[in-house]
Amino acid sequence: MKVVDPIYSIPYLILLLLYFVLAIVEYLNKNDQKRQWAVIITCATVFVMFFGLRGFIGWDWTNYYPLYNSTPDLFHLHPQAFQTEVGFVVYMSIFKIFALDYHAFIFVSSIIHVCLLSVFLKRYLPNGLYVLGFIVFIVMGGFGMEVDAMRNTMSILLFLISIKHVEQRNFVKFYALNIVGFFFHISAVIYLPLYFLLHKTLNRWVVGAIFLVGLGVFLLQVEYIKPFLDGAGDLLGGRFKYGIVNYLNDDTYSKSYGLTIGLLERVASALLVILYYPKLLKMSKYGVIFVNAFVCYFISFFYFSEMAVISVRVGLLFSFSYWILWPLLIQVMTDKTTALSATFPLITRGVVVKVTQVVVAVCFVAYANLKIVGMTKTILYQYDSIVCLDKSYEERKAIFEGSTTEILFGE
């Protein structure tokens with residue numbers, strides 16, 4: 001079997017197509033609350049059935065499957081059981097009380113994830129845009145979170161729920177949720193200072209300056225992280241120096257980002273955020289929070305592009321900004337044309353509106369499909385369901401071990 005083949009992406013493209021249809025149905029019925037809820041429940045159910053009943057796909061199941069099986073139930077935990085963050089081990093051990101196997105653990109976890117995500121999307125997106133936000137979630141970070149980053153997923157979702165307390169300036173509740181998130185994944189420590197920052201409105205020119213400097217750092221390939229780490233290794237010496245040298249010499253961790261379609265998307269998204277900055281803040285009283293989160297996202301990408309692993313891992317923590325901003329941008333770009341047609345009624349009445357809507361829709365659908373294919377075109381993501389197409393752990397492990405070198409290094 002081929003290691004890389006777009007045919008592996010077909011199930012994911014079908015899922016995306018179904019969500020596009022649901023998004024249209026939801027938007028056309030945005031004033032009908034009963035149909036709205038029917039669409040939302042359908043959207044969430046499809047997600048749980050597709051991802052919750054998945055077999056061994058992706059990368060991280062090779063770690064999570066043996067970890068889950070070796071974790072005792074909550075009443076028999078011992079120090080040796082804590083092979084990863086305390087919160088995640090306790091979380092797994094609760095499932096073990098009920099003698100649930102790994103696949104049941106994944107299924108129930110998917111239900112929890114979709115419930116927390118739904119609370120977030122319903123709170124921060126205008127009526128009629130829930131499914132669109134769900135699509136953006138899958139395309140921009142959510143797919144990787146659900147399939148390959150279960151610990152990160154819980155810490156990120158807990159942060160999303162805590163955003164409410166940034167608005168309400170409730171220090172205790174914000175920190176309580178994110179400390180729990182920290183015990184699921186240590187990266188949640190990055191969220192802790194955001195209580196003091198996310199609600200602050202930045203001047204649009206400041207946002208533009210951050211973007212331009214970051215783009216310059218990226219395009220000029222300015223290196224400052226590696227020299228800093230190398231200098232820190234010299235200063236600390238011993239095993240610290242040895243570890244840093246090995247890290248910097250490993251292309252898996254130290255390689256930089258290149259010029260990709262993802263770069264074009266980030267540049268386009270940043271320009272649109274800057275262009276529609278005042279409108280985004282007017283459209284949603286929470287807009288400032290997500291614009292600031294997006295600033296953090298493109299700082300992580302442009303300023304740390306020297307080391308792709310930092311860009312990816314830090315960027316994932318702020319990918320939620322896309323899930324709100326893209327639906328808002330799509331809405332504002334199509335609504336903007338209404339003003340044009342009112343100004344030039346004889347030339348543009350209805351025409352500009354329709355053309356813009358078509359262009360925006362085509363660009364969004366095309367990019368979403370390209371992203372899905374890019375993420376799933378290897379044999380590791382050949383879709384497998386425990387209901388009807390289940391391959392055993394041993395079969396999938398053999399596929400994993402036989403293909404990872406080629407996938408990572410093209411050998």
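**Exercise 1. How much area does the protein expose, and what share of it do carbon and sulfur atoms supply?**

Solution. The structure is a predicted model, and in it the protein exposes about 19900 Å². Carbon and sulfur atoms supply 68% of that exposed area. Turning from the surface to burial, one finds that buried residues make up 49% of the 411 residues in the protein.

**Exercise 2. Describe the secondary structure and the sequence range of the contacts.**

Solution. Begin with the elements: the protein has 20 helices and 0 strands. Then take the contacts between residues at least 6 apart in sequence, of which 76% join residues at least 24 apart.

**Exercise 3. Classify the packing of helix 7 against helix 8, and work out the character of their contact.**

Solution. First, locate the pair: helix 7 covers residues 150–167 and helix 8 covers residues 171–184, and their axes lie 8 Å apart at an angle of about 175°. Since angles over 145 degrees count as roughly antiparallel, helix 7 is therefore roughly antiparallel to helix 8. Next, list the participants: helix 7 contributes residues including Met154, Leu158, Phe159 and Ile161, while helix 8 contributes, among them, Phe174, Leu177, Val180 and Phe184. Finally, sort the residues of this contact by type, which gives 9 nonpolar, 5 polar and 2 charged.

**Exercise 4. Over which residues does pLDDT stay under 50?**

Solution. Start from the overall confidence, where the protein averages a pLDDT of 87 and 87% of the residues score at least 70. The stretch sought is residues 338–347, where pLDDT stays under 50 and for which the model has 8 contacts beyond four places in sequence.

Technical notes:
Residues numbered from 1 in each chain as written. Predicted model: local features only at pLDDT ≥ 70, side-chain atom pairs only at ≥ 80, totals over all residues. Heavy atoms only, no water. Axes fitted to C-alpha atoms, helices over the stretch in contact; angles between N-to-C directions. Helix = DSSP H or I, 4+ residues; strand = E, 2+ residues; numbered from the N terminus. Parallel < 35°, antiparallel > 145°, perpendicular 65-115°, else oblique. Nonpolar A, V, L, I, M, F, W, Y, C, P; charged D, E, K, R; others polar. Buried < 20%, exposed > 50% of the residue type's maximum accessible area, 1.4 Å probe, protein only. Contact = heavy atoms within 4.5 Å. Areas by Shrake-Rupley, 256 points an atom, 1.4 Å probe, with all protein chains shown as cover. pLDDT = per-residue confidence, 0-100.
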